[in-house]
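Q: I am new to this structure and would like a close look at one part of it, the packing of the helices. Please also describe the chains around that part.

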Amino acid sequence: MPSLKDLRNRIASVKATQKITKAMQMVAAAKLRRAQAAAEAARPYAERMETVLANLASGVSGSSAPRLIGGTGSDKVHLLVVCTAERGLCGAFNSSIARLARDKANALKAQGKTVKIICVGKKGYDILRRQFEKDIIELIDLRAFKQVGFVNAEGIAQNILARFANGEFDVATLFFSKFKSVISQIPTAQRIIPAEIPTGAPKTEAVYEYEPGESEILETLLPRNLTVQVLRAILENAASEQGARMSAMDSATRNAGEMIKKQTQLYNRSRQAMITKELIEIISGAEAL
Amino acid sequence: MATFKFELVSPERILFSGDVVSVIVPAVEGEITVLAGHAPMVATLKAGIVLVQATSDNGKEFFVNGGLIEINAGATTILAEQGRFLEDVNAAVLDQEILTAETKLTGSQDEDEKRRLHEALVQLREFKHVFDSRKAA
């Protein structure tokens, strides 16, 4: 039976924890609004880019297609770009992305393919390092940037493109978490090289004029498309992270509240028991006289 | 006046969306004026000013740096690599852009890439010139 003082201390410490989780929840809620707005603002550009690209790509035939669409012709070496958060305490957010990447890496290895991993975000690196220490070729840290934007995405895309140009890999897949709602984030794997062209996209009847030529436009468009895809992944990830943190902290706050309630009840009960005991002692002492 | 749907989108946000009478864009091979009923077309853009003439007012100006314009029967869209309201642009911003372009150029190894970056840099410098003379006038 814990003493009254123990109980008091315990309640105080849970209360302090609750204050922290509550504050984190509110901060996450405020950040979420910003991140969500940024993710939604980036969507039209990415969607537009996709339709233009689909229109252009339907015009180029198999062998003459640029390597970013057609691939290198083999699929021996896979590059996994795993985007996660820089911080923890956001529920299963980081681990569910890492799990998806790990399953994919294991499946590829079982097929005898080589796997290389680039981690964007420290948390994913921490998780994947345990199993794939040797396969991780780079860790990109975005902690220094308060507002992650186009410039960061461009840097990452350039990095990937340079490695592709050097023939370091054949297929690249991007892992991130799609923001669906505050309570639901979907870990997603998206193939970025060779680019996934949405098939069955509504073909416009019109025949386009191109200025300059079709292939020149495609050539500038493809690297840019990669940047846009990376940017979208980062922004969706940022929104998902805050959403996951918000709901994780919300349930932590609620759990703390429940614990405080239980402990307070226990405290009151043992206080009452002590008073009753003392009363009985006094009464029986008086009777004995 | 006949109008058409026009959108100016940068990676970070939508800068303009609505019905317009005409749009003047700086394409790589010269300026293009788009009116309602323009033939479908895709063109890449260079650094310059996009002039949007909405139905009644005197027109809005935007600064774009690279990107492309897609014109089709339904709507006209500019996907700008970088886009800003012209009011937000000043000499310091342009100098910063030129500096980034220069560092990128010195950092690249690929020949094609170099050629492209060099073109972009020249375009930016040209625009800086135009911008300065505009301000002086």
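A: The answer below starts with the model and its chains, then turns to the helix pairs.

This is a predicted model, in which local features need pLDDT of at least 70 and side-chain atom pairs count only at pLDDT 80 or more, while totals for chains, interfaces and linings use all residues. Residues are numbered from 1 along each chain as its sequence is written, and chains are lettered from A and ligands numbered from 1 in the order in which they are written.

The model scores ipTM 0.73 and pTM 0.82. Chain A has an average pLDDT (the predictor's confidence in each residue, from 0 to 100) of 87, and 94% of its residues score at least 70. For chain B the average is 83, with 98% of the residues at 70 or above. Among the elements of chain A, helix H2 (residues 67-70) has the lowest mean pLDDT, 76, and H3(A) has the highest, 93.

Chain A holds six helices and six strands. Here helices (H or I, at least four residues) and strands (E, at least two) are DSSP runs, numbered from the N terminus. The order in chain A, from the N terminus on, is α-α-β-α-β-α-β-α-β-β-β-α. Its radius of gyration is 28 Å, well over the 19 Å that the globule rule gives for 289 residues, so chain A is more spread out than a compact globule. That radius is taken over C-alpha atoms, and the rule is 2.2 Å times the number of residues to the power 0.38. The C-alpha trace of chain A spans about 115 × 40 × 35 Å along its principal axes.

In chain A, the axes of H1(A) and H6(A) come within 5 Å and cross at roughly 160°. Such axes are lines fitted to C-alpha atoms, for helices over the stretch in contact, and the angles run from 0 to 180 degrees between N-to-C directions. H1(A) and H6(A) are therefore roughly antiparallel to each other. On this scale, angles under 35 degrees count as roughly parallel, over 145 as roughly antiparallel, 65 to 115 as roughly perpendicular and the rest as oblique. H1(A) passes H6(A) in a left-handed crossing. A crossing is left-handed if the near helix is turned anticlockwise from the far one by less than a right angle, and right-handed if clockwise. The contact of H1(A) with H6(A) has 33 nonpolar, 13 polar and 11 charged residues. In this classing, Ala, Val, Leu, Ile, Met, Phe, Trp, Tyr, Cys and Pro count as nonpolar, Asp, Glu, Lys and Arg as charged, and the others, Gly among them, as polar.

Another pair in chain A is helix H3 (residues 93-110) and helix H4 (residues 122-132), which pack at an angle of about 35° with their axes 9 Å apart. Their crossing is right-handed. H3(A) brings residues including A:Ile97, A:Ala98 and A:Ala101 to meet residues of H4(A), among them A:Ile127, A:Leu128 and A:Phe132. Residues count as in contact if their C-beta atoms, placed from the backbone, lie within 7 Å. By class, this contact has seven nonpolar, four polar and two charged residues.

Two backbone details fall in loops of chain A. A:Leu89 lies in the loop between strand E1 (77-83) and H3 of chain A, and its phi is near 55°, a positive value in a residue other than glycine. A:Pro194 sits in the loop between strand E5 (184-193) and E6 of chain A. The peptide bond from A:Ile193 to A:Pro194 is cis, with omega near -10°. Most residues other than glycine have a negative phi, and most peptide bonds are trans.

Chain B has two helices and nine strands, in the order β-β-β-β-β-β-β-β-β-α-α. Its radius of gyration of 15 Å agrees with the value near 14 Å for a compact globule of 137 residues. Helix H1 (residues 91-107) and helix H2 (residues 111-136) of chain B pack at about 160°, their axes 9 Å apart. They are therefore roughly antiparallel to each other, and H1(B) passes H2(B) in a left-handed crossing.

The contact between the chains takes 23 residues from chain A and 24 residues from chain B. On the side of chain A, the largest share, seven residues, comes from H1(A).

Note on methods. Contact = placed C-beta atoms within 7 Å.
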